[in-house]
Amino acid sequence: MAETLSGPDRSGEEQAALDSYSRTVTSVAGELTPKVAALNAAHRRAGRFVVGTGSAVVFTDDGFLLTNAHVVGHSDAGTASFADGTTIPFHVIGADPLSDLAVVRADGPTPPPARLGEADALRVGQLVVAVGNPLGLAGSVTAGVVSALGRSLPAGTGRATRVIDDVVQTDATLHPGSSGGALATADGRVVGINTAIADIGLGLAIPVNGTSRKIIAALLATGRVRRAYLGLAGTPSPLPPPVRAGTGRRTGLRIVEVVPASPAARAGLRAGDLLLTAGEEPVTGAQALQRLMLEDAIGRPLALTALRGDALVDVVAVPVELVTDD
């Protein structure tokens, strides 16, 4: 009698776990796929027009979409295509290359908005789902886990440079065109905007958190993000044992350069100083200081405490607005 081939023997628990995983990914895909558009935006590069492609996420009920600054480039307008086949013109509200975030507005009706979550609550190993339009293929979905948190991603515009901090790393597969798409948790909340392919099997996403919400609000309000500037560069450095014992912290920011005539120079900071606090907040590295350098810091006195040799030095600097070369 002929034998029949059977599938692998799975216990009820294994089958239930597989079904649960599938149901979760299917649910997130069903919720977010209609709300993620494929973008096409023409802009000038090196004297010729090129078409930038990527994705964008509807995040308000009146047609605003969130994407990457590098997707729209210097474009003013373009088209957004949705999974149901609808194509709508859009115009750019504002872009911020130093966070790689941009806001555009559709010139027509859009699907209901995606729900934004909180990236600061993510944990390594947590399930995430990426929804985008890689290679122009609308409504593509991949799933994976958060493979690392707290990564940094350099960004720049003209002579101004910045490090995007707390970037989310995932092994959910990303492809060209995924940029600007959604990275979501199992409950369908968008916790990141996919921005880069770091390596095979490694993708990066700009976190949706308190800092990015301020940036998005500024883009909605004025189309640009104003940042404060102190005029110093530094690197993380271990604190001396007595200071470590007294503060409970392990590192400060060793100042390696102070720009002449900058707010830091006028305040009296010097190369070699070990910066400990800014505005009563601990400074454990450049990113901790950078997080304070948003619009509300411009023109406001900022108390700084540094260790110079064995002595604590208290100074007050007044940050000015950072000038970028767009």
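Which residues does Gly272 touch, not counting residues up to four places away in sequence? Arg254 and Ile255. The legends below start from the whole predicted model and come back to that spot along the way.

**Figure 1. The whole predicted model, for orientation.** We're looking at 326 residues, and 45% of them count as buried. The protein has six helices and 20 strands. Its accessible surface comes to about 15900 Å², with 54% of that belonging to carbon and sulfur atoms. Take the contacts between residues at least 6 apart in sequence: 59% of them join residues at least 24 apart.

**Figure 2. Confidence across the elements of the predicted model.** The average pLDDT for the protein is 88, and 88% of the residues score at least 70. Strand S3, residues 64-67, has the highest mean among the elements, at 98. At the other end sits strand S9, residues 160-170, where the mean is 78, the lowest of the elements. A general caution goes with this view: where pLDDT is low, predicted coordinates shouldn't be read in detail.

**Figure 3. Close-up of strands S14, S15 and S16, with Arg254 in the frame.** S14 (residues 232-238) and S15 (residues 251-258) run antiparallel and are joined by seven bridges. S15 also pairs with S16 (residues 274-278), again in the antiparallel sense, over two bridges. Follow Arg254 here: Thr235 stands opposite this arginine, and in S16 its bridge partner is Leu274.

**Figure 4. Gly272, in the loop ahead of S16.** This glycine lies in the loop between helix H5 (263-267) and S16. Back to the opening contacts: Gly272 touches Arg254 and Ile255 once residues up to four places away in sequence are set aside. Gly272 and Ile255 are 17 residues apart in sequence, but their C-alpha atoms are 5.3 Å apart in space. Is the glycine buried, exposed or partly exposed? Gly272 counts as partly exposed because its relative accessibility is 37%, in between the 20% and 50% cut-offs.

**Figure 5. Arg224 and its contact with Glu321.** Arg224 has its place in the loop between helix H3 (210-222) and strand S13 (228-229). The side chains of Arg224 and Glu321 make a polar contact at 2.9 Å. Beyond residues up to four places away in sequence, Arg224 touches Ala218, Leu219 and Glu321. Gly94 is 130 residues away from Arg224 in sequence, yet the C-alpha to C-alpha distance is 5.6 Å. With a relative accessible area of 42%, Arg224 is partly exposed.

**Figure 6. Thr195, a buried residue in S11.** Strand S11 covers residues 190-199, and Thr195 is in it. Its relative accessible area is 5%, so it falls under the 20% cut-off and counts as buried. Leaving out residues up to four places away in sequence, Thr195 touches Asn68, His70, Asp100, Leu153, Ser179, Leu204, Ala205 and Ile206.

**Figure 7. The largest nonpolar core, with Leu66 picked out.** This core has 28 residues, and those with the most contacts inside it are Leu32, Val57, Leu66, Leu101, Val103 and Val190. Helix H3 gives the largest share, four residues. A second, separate core has 22 residues, among them Val258, Leu269, Ala278 and Leu289. As for Leu66, its contacts beyond four places in sequence are Ala56, Val57, Phe59, Leu101, Ala102, Val103, Gly180, Ile193 and Ile216. In soluble globular proteins, nonpolar side chains tend to be buried together.

Note on methods:
Residues numbered from 1 in each chain as written. Predicted model: local features only at pLDDT ≥ 70, side-chain atom pairs only at ≥ 80, totals over all residues. Heavy atoms only, no water. Pairing = 2+ DSSP bridges. Buried < 20%, exposed > 50% of the residue type's maximum accessible area, 1.4 Å probe, protein only. Contact = heavy atoms within 4.5 Å. Polar contact = N/O pair within 3.5 Å; in protein donor to acceptor, adjacent residues only side chain to side chain. Core = buried A, V, L, I, M, F, W, Y, C linked by side-chain atoms within 4.5 Å. Areas by Shrake-Rupley, 256 points an atom, 1.4 Å probe, with all protein chains shown as cover. pLDDT = per-residue confidence, 0-100.
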